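Here are my notes on the model you sent round. They are numbered so that you can reply point by point.

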Amino acid sequence: MKMTKIIATVAACAFGAAASAQDGNTLFVEGEKMVTETAAPDHVEGLRTIYSGWRFRTPETQALQMDDFENPAMIFVDQALDLFNTVDGSEGRSCASCHESVEDFAGLTATMPKVIDGKLTTMEDLLNGHRAKAMGAEPWKWSGPEMQSMIALIGLQSRGMPMNVAIDGDAAPFYEQGKEMYYTRYGQLEMSCANCHEDNYGNMIRADHLSQGQINGFPTYRLKQAKLISRHNRFRGCIRDTRAETFAEGSDEFRALELYVASRSNGLSVETPAVRQ
Ligand code: HEC
Ligand code: HEC
């Protein structure tokens, strides 16, 4: 099956229309305006404008993200706050033993993943490395509820800040690896990330309105699964949809892909935790 059969072309509606408040193009979260549309970063050759995934969702799903009382992800954020104060591991410490407030992490998510001591490091790596070293605690599962809830809580501290992931210096080789993956055709369908998220965003695929596959809202709460979804879990799902063998969550391949995809979001607001269908 080739692209033309899978993607039923439906006129892209929302784009180019003048934006005004509450029109499906303009996102205020708790009164704060998010950048959901901006000029693509220079290094993204295939797009002129980048759009947040929020722009492609139905009005009902969009509304859930505008009000923290309506946002179902906030239950998990609350659980993470409890976790932040819970003692765990052989050292008898909680996060709060050393970190006065999660607000200290403001800005961090906008720059992740990044290279630390030569290693491409995601937020998951940071937290598990840290749990082992600072707490003597067992690692959390990559896409498990503790991990993704804590990442959502930390991400919330950067909400509204522009994504600003470095791609030069130490990050350059990982960027190149991730970029190559993005344009590689996978599976029986022979489709790359770019075939869907660059060439066909705005079109319908099956029952879904295709976005640009940005990750400025991750971890996202998916209504279908009723839980927080990690970045790597989303990548796996997309590759599986092309009927290809996929990479493991936490693999070096997905770290590099994450860096590249995150860099395509540079300039969009961090929207963590976003809500999706
Ligand atoms: C023993 C004290 C200690 C404990 C316990 C601790 N941390 Fe840390 N944390 C630190 C120190 C010191 C740093 C800065 C140096 C580093 O990155 O190792 C740090 C850095 C971090 C960073 C990176 C901040 C940045 O801007 O790069 C995050 C995120 C973080 N901690 C989260 C947590 C969380 C979540 C927990 C609980 C699961 C936790 N920490 C438990 C001491 C601690
Ligand atoms: C066959 C088409 C297709 C391919 C190929 C594909 N995706 Fe997707 N992807 C989708 C659909 C459909 C969705 C759900 C609707 C949406 O958000 O675009 C989605 C969603 C996403 C999202 C969530 C966006 C958000 O705002 O919640 C990300 C991130 C993503 N894809 C990344 C990728 C990456 C990286 C690749 C390549 C490894 C890829 N996708 C390949 C179809 C595809």
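1. Arg222 has Arg276 of β12 as its bridge partner. The model is predicted, and this pairing should be read as part of it. Strand β10, residues 220-222, runs parallel to β12, and two bridges join them.

2. The sheet around this pair is open and has three strands, in the order β11-β10-β12, with mixed pairing. Its edges are β11 and β12 (275-276), each of which pairs on one side only. As general background, strands of a sheet pair through backbone hydrogen bonds, in either the parallel or the antiparallel sense.

3. On domains, the assignment splits the protein chain into domain 1 (3-7 + 20-70 + 166-276) and domain 2 (74-156). Their contact draws on 21 residues from domain 1 and 22 residues from domain 2. The C-alpha centres of domain 1 and domain 2 are 23 Å apart.

4. Which elements give two or more residues to the side of domain 1 that touches domain 2? They are β11 (227-229), α9 and α10. The most comes from α10, which gives five residues. By class, this side of domain 1 has 10 nonpolar, five polar and six charged residues.

5. Ligand 2 is surrounded by 25 residues, and the closest are Gly53, Cys193, Cys196, Gly213 and Cys238. Two or more residues of this shell come from each of α8 (193-197), α9 (231-241) and α10 (252-264). With five residues, α9 has the largest share of the shell around ligand 2. The shell around ligand 2 consists of 12 nonpolar, nine polar and four charged residues.

6. Helices α9 and α10 therefore deserve a second look on the model, under two headings. Both are listed for the shell around ligand 2, and both are listed for the side of domain 1 that touches domain 2.

7. Ligand 1 has 15 residues around it; the closest are Arg93, Cys95, Cys98, Leu108 and Ala134. The elements giving two or more residues to this shell are α4 (95-98), α5 (123-135) and α6 (145-156). The largest share, six residues, is that of α5.

8. What is the make-up by class of the shell around ligand 1? The shell around ligand 1 has 10 nonpolar residues, three polar and two charged.

Terms used:
Residues are numbered from 1 along each chain as its sequence is written. Chains are lettered from A and ligands numbered from 1 in the order in which they are written. This is a predicted model: local features need pLDDT of at least 70, side-chain atom pairs count only at pLDDT 80 or more; totals for chains, interfaces and linings use all residues. A residue is near a molecule or strand if its C-beta atom, placed from the backbone, lies within 6 Å of it. Helices (H or I, at least four residues) and strands (E, at least two) are DSSP runs, numbered from the N terminus. Ala, Val, Leu, Ile, Met, Phe, Trp, Tyr, Cys and Pro count as nonpolar, Asp, Glu, Lys and Arg as charged, and the others, Gly among them, as polar. Domain bounds come from an automatic or database domain assignment. Two residues are in contact if their C-beta atoms, placed from the backbone, lie within 7 Å. Two strands pair if DSSP finds at least two bridges between them.
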